[in-house]
Amino acid sequence: MTSTTDERDLKAASAVRGRSLWDDARDRLLANKAAVTSMVVLVAVAIACFIGPLLSPHDYDEVYREYVKVPASLEPYPRADQVTPEIESVLRRARVTVDELTVESGNFTARISSPRKIDPRVTRYIDRSDLFENAEIYDFSADEKSATVRADVKTLYFFFGTDSNGRDLMTRTLIAGRVSLTIGLLATFVAIAIGVVYGAVSGYLGGRVDLLMMRIVDILYSLPFIFFVILLVVFFGRNFVLMFIAVGAVEWLDMARIVRGQTLSLKRQEFVQAAEALGVDNAGVLKRHIIPNTLGQVVIYMTLLVPKVILLESFLSFLGLGVQEPMTSWGVLISEGSRNVQGAAWMLIFPSIFLTSTLFALNFIGDGLRDALDPKDR
Amino acid sequence: MTVKDTNDRGAVLDIRRLTVDFDTPTGTVKAVRGVDISVSKGETVAIVGESGSGKSQTMMAAMGLLAENGRTKGEVLYRGDDILGLPAKRLNRIRGAKITMIFQEPMTSLDPLYTIERQLCEPMVEHGGYSWSAAKKRALELLQLVQIPSPEGKLKGYPHELSGGQRQRVMIAMSLANDPDVLIADEPTTALDVTTQARILELLADLQKRLGMAVVFITHDLGIVRQIADRVYVMKDGEVVEEGEAESLLTSPKHPYTKMLLDAEPEGRKDAVPDNRPIVLEGQKLSVAFDIGGGFLKAPQVLKAVDDVTLTVREGQTLGIVGESGSGKSTLGRALLQLLPHQGRVRFSGHDISNAGKREMRPLRREMQLVFQDPFGSLSPRMTVGQIVTEGLLVHEPGLSAKERDKRACKVLEEVSLDPVMRNRYPHEFSGGQRQRIAIARTMVLKPKLVVLDEPTSALDRTIQKQIVELLRKLQADHGLTYLFISHDLAVVRALADQVMVMQHGRIVEAGETEAIFEHPVKDYTRELIAAAWQNLEPISGN
């Protein structure tokens, strides 16, 4: 007797792992070139958005007054022709006269003089400029009315240019990506969590409960979305959390209907009836049989919902109902960019590239998932 | 010898060295490995084999109907021309016109949105060069040819207004529209009731005699072969293992596989159970009614699916409930298990459980179980076999640890002769017979008293059926189970049941001891059922 139990334990250890439908779907998805490329793009964008701002030398809200709306460039700023006028203007502000100026690459030395004694704090005027750093003053003449100042020229890179307040657009685009992706994912998550549970319960219980639950959905559907968001903003002020609650609270309606439809057909399936005949309660049937079998559809819908939510957020931000300055999102950046498109096209182009490539990637992944999860040749 | 002769006479359809491979993510599957099959004019050839033997894929490949990942090699000669791998445009001149096909499932082969007339006429107008008025006339002729009652009325009807047998007749009419040379029938009667099946077979035989076409009949049922075929090919694992004249092949099979197929009739009779055993299940004046339509202004319409049925089952007994589809036998089974609201009384082991609520029923569910017909639909596709089998334990023994449940799963899988190593696999990785074993294991893990078996063998091959019948018999003997066996398959019922109840239109037509009913049926309906079933089987059981 003991030997058979031992044998059984041995078998338990060496049990063959089966291939679930999810495994099959994953293989099919990985065979889909467009979907795999899209996933790589999406992961790259996500990593850039979440890690990029930490590595960037600029803060997303750091204003460079000397670099307002400078074009995108791989060359460092300041440009050679910018340095001399800036030195002159800075020193004029310090009320000293420049007698002699030598500009080398990376630093400059100037002999300055003044009718009064030169205050060593002149260097602060220089350091205050975004172009220079490490200013020092030495070689005072005996009467302290002339001296030599030198300072390093601060080299800065603005790969995406700067916006109309002189903030680095690259950092801002990446920060905006954080906001957009987070809202996209969180709002979708909220929508799906509510929608799946609501739809599955409504569809499975059926009858009067279903009728009541679905009428509630119908009523919510008839509320105009923008009106709803404006109301929320008026009552609670503009707020990041509010954004995805608002979006999620509207988008779950679709999800609930989709899942309800799925559930209606699933509950006629024999495996659900078999579970009922085993005496499994409603919660068990929903948890083990209904919801796992709707997940295929849900995942597909999710990849289509994320771009929809990102667009919605962009739309709200475009209208001025979204996130607040200096925090930003792709929608806000694009809206600013579109106002400046004539003089500063880069302000529109870069955020747009990020937004559209993310949306493209998500849509391709959605398509790939649809093919992978319900292949027609089965 | 005669086989050679027909070949020389010039076959209408000649398949030579056909191979079919499927590319799957897990490697190449060789579905058909070099098959030679030929059919001559006016001849009926049957291809016999179990599911997965490649019999359907052979003909699908010949017709260019394979799934996308299929590859073919060899030759398919239609009147001497190789049609294998022809572009769809040229193939369509032959396929659907000169070589036509009818499928197993008459429910899904017709488009529910169009009238029968439209569906019959469209291919004639598109491919046959008929005008619409000529096509309509021809459609009527065809329906008369396939002997549909009141064909004029049926032309204007939609598919859902026809019964399964009538739909299959329409499909046959459709395939005859352009005077085909070859008719390929892929299990055309498998989804039908025995009585309907017999009539469809008669029709096919009659049509062939009159129209003189060649018929390729794909089936797993040797009873049909005996009745209809001139020559037989037996296929196994993608190869033809035996071929020959139907008569000689069926009476003196050479290959062991053919012998096994012929021997697959469920055997044995059940030993009677003494009358003094306690009554397990008792139903008195049971009725189940469904609302069908009616509404605000119309009077509600009610369909009585089960009408005034009374039955008693004693411990260890098997009650067979037989009848055609729509006779209410499945509904009765579900009503007895309190899965449907009903009128009348049901007593289970002395408790009155009539219309008991879900909560009151839960402790009793463990003792009364249900096995379904469709082994593909009754297992949740996203759960492993181990999870499926032990789900009942989650409900009825919530205290068990995961390890303990796993152990029980192993034990019960062994009991239904499945390797417990397989318990982490998913249902789609199993064959139909194995799935049915899993479904049985799911009920056995709870050690029930009563099991309602709703057509548990109908979707399976004969040989698998026999194994399942053996398994059910063994489990009944080991655990003293009581069965309620619902089936339209009289041979299986005869092998398993002590008592038989014949149902028609929701009422009991006749009930009594199994042998008494089968040997001396009293009612016409019972006689008709038995005649239809044994018409197919008699020559074989005579062996």
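## Exercises on a two-chain model

Residues 177-366 of chain A are 85% helix and 0% strand, with their end C-alpha atoms 20 Å apart. Helices (H or I, at least four residues) and strands (E, at least two) are DSSP runs, numbered from the N terminus.

This is a predicted model, in which local features need pLDDT of at least 70 and side-chain atom pairs count only at pLDDT 80 or more, while totals for chains, interfaces and linings use all residues. Residues are numbered from 1 along each chain as its sequence is written, and chains are lettered from A and ligands numbered from 1 in the order in which they are written.

**Exercise 1. Place the UniProt annotations on chain A.**

Step 1. Start with the domain entry. UniProt, in an unreviewed entry, lists residues 177-366 of chain A as "domain: ABC transmembrane type-1". Positions follow the numbering used here, feature names are shortened, and annotations may be inferred rather than shown by experiment.

Step 2. Add the "transmembrane region" spans. The unreviewed entry gives 34-55, 179-205, 225-250, 298-323 and 343-366 of chain A.

Step 3. Check two of these spans against the model. Residues 34-55 of chain A are 100% helix and 0% strand, and the end C-alpha atoms lie 30 Å apart. Residues 225-250 of chain A are 88% helix and 0% strand, and here the end C-alpha atoms are 7 Å apart.

**Exercise 2. Split chain A into domains and give the distance between their centres.**

Step 1. Take the bounds, which come from an automatic or database domain assignment. Domain 1 covers 21-60 + 165-373, and domain 2 covers 78-153.

Step 2. Compare the C-alpha centres. Those of domain 1 and domain 2 of chain A are 55 Å apart.

Step 3. Look at strand pairing in chain A. Two strands pair if DSSP finds at least two bridges between them. Strands β2 (107-113) and β4 (146-153) of chain A are antiparallel, with 7 bridges. Asn107(A) has Asp152(A) as its bridge partner in β4(A). Strand β3 (132-138) of chain A also pairs with β4(A) in the antiparallel sense, over 5 bridges. There, Tyr138(A) is matched with Thr148(A).

**Exercise 3. Describe how α6(A) packs against α11(A).**

Step 1. Choose the descriptors. Two packed helices are described by the angle between their axes and the distance between the axes. Axes are lines fitted to C-alpha atoms, for helices over the stretch in contact, and angles run from 0 to 180 degrees between N-to-C directions.

Step 2. Read them off. Helix α6 (169-205) of chain A meets α11(A) at about 145°, with the axes 7 Å apart.

Step 3. Assign the hand. The crossing of α6(A) and α11(A) is right-handed: the near helix is turned clockwise from the far one, whereas anticlockwise by less than a right angle would be left-handed.

Step 4. Sort the residues. The contact of α6(A) with α11(A) has 19 nonpolar, 5 polar and 1 charged residues. Ala, Val, Leu, Ile, Met, Phe, Trp, Tyr, Cys and Pro count as nonpolar, Asp, Glu, Lys and Arg as charged, and the others, Gly among them, as polar.

**Exercise 4. Work out which elements of chain A touch chain B.**

Step 1. Count the residues. Chain A supplies 28 and chain B 38. Residues are in contact if their C-beta atoms, placed from the backbone, lie within 7 Å.

Step 2. List the elements of chain A giving two or more residues. They are α1 (2-13), α2 (21-30), α10 (270-278) and α11 (282-319). The most come from α10(A), with 7 residues.

Step 3. Classify this side of chain A. It has 11 nonpolar, 8 polar and 9 charged residues.

**Exercise 5. Give the strand order of two open sheets in chain B.**

Step 1. Take one sheet. Its 6 strands run β6-β7-β8-β3-β9-β10 (chain B), with mixed pairing. Edge strands β6 (99-102) and β10 (239-245) of chain B each pair on one side only. The twist averages 15° from one strand to the next.

Step 2. Inspect its end. Strand β9 (231-236) of chain B runs antiparallel to β10(B), joined by 6 bridges. Tyr233(B) is opposite Glu243(B).

Step 3. Take the other sheet. Its 6 strands follow β16-β17-β18-β13-β19-β20 (chain B), and the pairing is mixed. Here the edges are β16 (368-371) and β20 (507-513) of chain B. Val500(B) has Gly512(B) in β20(B) as its bridge partner.

Definitions and conventions: Two residues are in contact if their C-beta atoms, placed from the backbone, lie within 7 Å.
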